[in-house]
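Work through the following exercises on salt bridges with the structure open beside you. Each task is followed by a solution that goes step by step.

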Amino acid sequence: MPGNAVVEATLARFGFYPLAPKAPRPAPDALRQQAARAGITLPEAFIAFSSEHGAGAFEQRVGVALPAGCPLGPVFIVDILYAAGAPEDWDALALRDDTYDGRLPLAALPIATDPGGNLLLLTPESGAIYAWDHEHLELDEAALDGMVADLATNGVPVDEHDIDQLVLMWEERHPGQVANPTGHGNLYRVAESYEALLGGMRVVG
């Protein structure tokens, strides 16, 4: 089954519905141009989804498996699927460059959220999908305080940044001290591509 057919089958199987059914949807070429202006390339399967469906949710409770030992638990519950070119609150590109500016690694785009505000991220370079834990459950209070103190000692105005920005800055300065193979303590690889992500979705009881 080709990539886009996988996406369409998943949307139909789990009762996907658009959050803004009357909102205009951009043409694929417009999305490619928008991404190019942002300095990235979007996977064709995500462009097709964004152009044909827009942001939405599922009638059924759907999730994707997380790696063993992930602090978020065994499953990521998909609450909303974001789309490029959707209304602002659900636009993957706008969210990356506004709400999550400076907070997300790998120039990644938020493409989905769970009910608690954790995200699924798409990395433009590889197309791989990661779960992003916004609470940094991998860090205890002492580790977090140590990171902030280290940044402050090195001249970072820590009071001007939120916790996601501070942890990301610390990780980028100390890559050899991050145990997670993704290079970021709160980032967990879940799929090789957008098609694989949707193809791996399952109903969660």
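**Exercise 1.** Is Glu-44 buried, partly exposed or exposed?

*Solution.* The classes depend on relative accessible area, where buried means under 20%, exposed over 50%, and partly exposed in between (1.4 Å probe, protein chains only). Glu-44 has a relative accessible area of 45%, and therefore counts as partly exposed. The model is a predicted one, in which local features need pLDDT of at least 70 and side-chain atom pairs count only at pLDDT 80 or more, while totals for chains, interfaces and linings use all residues. Residues are numbered from 1 along each chain as its sequence is written, and side-chain values use heavy atoms, with hydrogens and water left out.

**Exercise 2.** Find the residues that are linked with Arg-32 in a network of salt bridges.

*Solution.* A salt bridge is a side-chain nitrogen of Lys or Arg within 4 Å of a carboxyl oxygen of Asp or Glu, and this rule gives six salt bridges. Arg-32 pairs with Asp-29, their closest N and O atoms being 2.5 Å apart. Arg-32 also meets Glu-44, at 2.8 Å from N to O. This second pair links helix α2 with helix α3 (residues 44–52), across 12 residues; helices here are DSSP runs (H or I, at least four residues), numbered from the N terminus. Asp-29, Arg-32 and Glu-44 thus form a network.

**Exercise 3.** Describe the salt bridge between Arg-103 and Asp-162.

*Solution.* The N to O distance is 3.5 Å. Arg-103 is buried, at 17% relative accessible area, whereas Asp-162 is partly exposed, at 30%.

Conventions. Helices (H or I, at least four residues) and strands (E, at least two) are DSSP runs, numbered from the N terminus.
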